[in-house]
Amino acid sequence: MDILNGAREAVNSGLFSRRSFLAKSSYFGAMYAAAKLLPMPALAAELAEDSRVSQTPIVDKGFASVRKIGEGLYATISDPSKGFQTVCNGGFLVGKDSAMLIEGFISVAGAAFQMDALRMVSQVAVKGALDTHYHFDHSMGNAFYGANGIPLWAHANAAKRIVESYGALQGADKAAFLGPLEKAVKEAKTETARKHREDYLAHVTTVFSVSNSTVLALPNRPIDAAKLPMKVDLGGVTAVIESYPGHSGTDIIVRVPEQNVVYAGDLLFSGMYPVCFDTQATVSGWRQTLKTFASWDNDTVFVPGHGPVCGQEGIALLRALFDDIEEQGQKMHKAGVPAAEAADLYVVPQKYKNVGIFAWDFAIGPTITKLYAEWGAK
Ligand SMILES: [Zn+2]
């Protein structure tokens, strides 16, 4: 069955029908099978002894669990191996007067799940929700906030980029859109290259299908990055909103300096290679951002965009992965290997064999081509 037609039929027969769920499951299934994304724990091992972080979740639905990570601070951690309602991580902050939700997730069901979790611990008014950036797995559930009258904050460019990136796919000809990617699979010169192009095709197919089965909703509280940091007082809990370069050109983080807790969005992939495909992703900018994160307190708890909640070790690993990609990239560049070929030739060292790769052509490949571009090489 054609995936897109399947999704359309499912939408016609009711948004949350079993059929719709199965249609979504099958294309996500293909995506994650292709990505070989293994189930990951909600917490990194180094947090096992951290008294701020609860080992027991307040709710666990498989696809995501929610646990306390500070006073009035909660993390929503996704496990896409068990379902695709949320896909990315998020969380919420609860003060005496009001609360704030983080992420629109990949579906309305995902955003609704997090709201239900908030209501398990507090009935305070919701001041707003925030998309850490515009990417589809963080924003396709935004309609939940619209339907519930919850203001939605995001980087000032996020709304525009949601429309440009995902609105543009709505009603587009699927065959014409995916054709060049299918051609790239067929024309791959090596087995490795073919596998990378296949993974890419599976992921882009998912982006197309989700975009076409989602009613887009846009953030209505644009954050001007030039005016940051911005403090949000929730009553005894103060969130500080900041913006840093690296992953998407629209990256916003939420810090709670009084408790050394950071909701980092996709500026942190925990236990995973960095996803660097965005036209506005910058390797040098991202590494500078990670250097800043590394300069923060040693006992900082980070909620990453994907992967387990972690401490400074998670930042150190991501920095080491960038270093390794650069080291191998430099060797290939010096040996005269062109960027496009080098992008397929990185070898995952044995010590990183358990590090997740979202999809080669979203992660390692573009990191190498962007590094080449930064060196002024082709
Ligand atoms: Zn992202």
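This is a walk through a predicted model of one protein chain and its zinc ion.

Start with the whole chain. The secondary structure comes to 12 helices and 13 strands. Of the 378 residues, 58% count as buried. Contacts reach across the sequence. Take those with a separation of 6 or more: residues 24 or more positions apart account for 67% of them. The chain exposes about 15,600 Å². Carbon and sulfur atoms supply 55% of that area.

Now go to the metal. Which residues coordinate the zinc ion? They are His133 through NE2, His135 through ND1, His247 through NE2 and Asp266 through OD. The distances run from 2.1 to 2.2 Å. The angles among the 4 donor atoms span 88 to 177°. A tetrahedral site needs all angles between 85 and 135 degrees, so the upper value of 177° rules that label out. The site is classed as irregular. One caution applies here: water is not among the atoms, so sites may look incomplete.

The donor spacing in sequence is H-x1-H-x111-H-x18-D. Look at the last two donors. His247 lies in the loop between strand S10 (238-243) and strand S11 (252-256), and Asp266 lies in strand S12 (residues 261-269), so this pair ties together parts that are 19 residues apart in sequence. Both His247 and Asp266 are buried.

Just before S12 comes a backbone detail. Asn260 sits in the loop between S11 and S12. Its phi is near 55°, a positive value in a residue other than glycine. Asn260 has 21% relative accessibility, and the buried class ends under 20%, so Asn260 counts as partly exposed.

Phe105 offers a second case. Its phi is also positive, about 55°, although Phe105 is not a glycine. This residue is found in the loop between strand S5 (98-102) and H3. Is Phe105 buried or exposed? It is buried, with a relative accessible area of 0%.

Follow the chain from that loop into helix H3 (residues 108-121). H3 has 14 residues, and at 1.5 Å a residue they should span 20 Å. The end C-alpha atoms are 21 Å apart, which agrees. Many side chains can be checked for cover here. Gly110, Ala111, Phe113, Gln114, Met115, Ala117 and Leu118 are buried in H3.

Next, a contact between distant stretches of sequence. Leu169 lies in the loop between helix H6 (158-165) and helix H7 (174-186). Leu169 is buried, with a relative accessible area of 8%. Which residues does Leu169 touch, leaving aside those up to four places away in sequence? They are Phe177, Val207, Phe208, Ser211 and Asn212. Consider Asn212. Leu169 and Asn212 are 43 residues apart in sequence, yet their C-alpha atoms are 6.8 Å apart in space.

One peptide bond deserves a look. Leu228 and Pro229 are joined in the cis form, with omega at about 5°. Pro229 is found in the loop between strand S8 (221-223) and strand S9 (230-233).

Finish with the cysteines. How many disulfides does a search of the whole structure find? The count is 0. Cys88 is buried, at 0% relative accessibility. Cys276 is buried too, with a relative accessible area of 0%.

Methods:
Residues are numbered from 1 along each chain as its sequence is written. This is a predicted model: local features need pLDDT of at least 70, side-chain atom pairs count only at pLDDT 80 or more; totals for chains, interfaces and linings use all residues. Side-chain values use heavy atoms; hydrogens and water are left out. Donors are N, O and S atoms within 2.8 Å of the metal (3.2 Å for Na, K and Ca); water is not among the atoms, so sites may look incomplete. Four donors count as tetrahedral if all angles lie between 85 and 135 degrees; four count as square planar and six as octahedral if opposite donors are over 155 degrees apart and all others between 65 and 115; anything else is irregular. Helices (H or I, at least four residues) and strands (E, at least two) are DSSP runs, numbered from the N terminus. Buried means under 20% relative accessible area, exposed over 50%, partly exposed in between (1.4 Å probe, protein chains only). Contact means heavy atoms within 4.5 Å. The expected span of a helix is 1.5 Å times one less than its number of residues. Accessible areas come from the Shrake-Rupley method with a 1.4 Å probe; for residues, only the protein chains shown count as cover. A disulfide is a pair of cysteine sulfur atoms within 2.5 Å.
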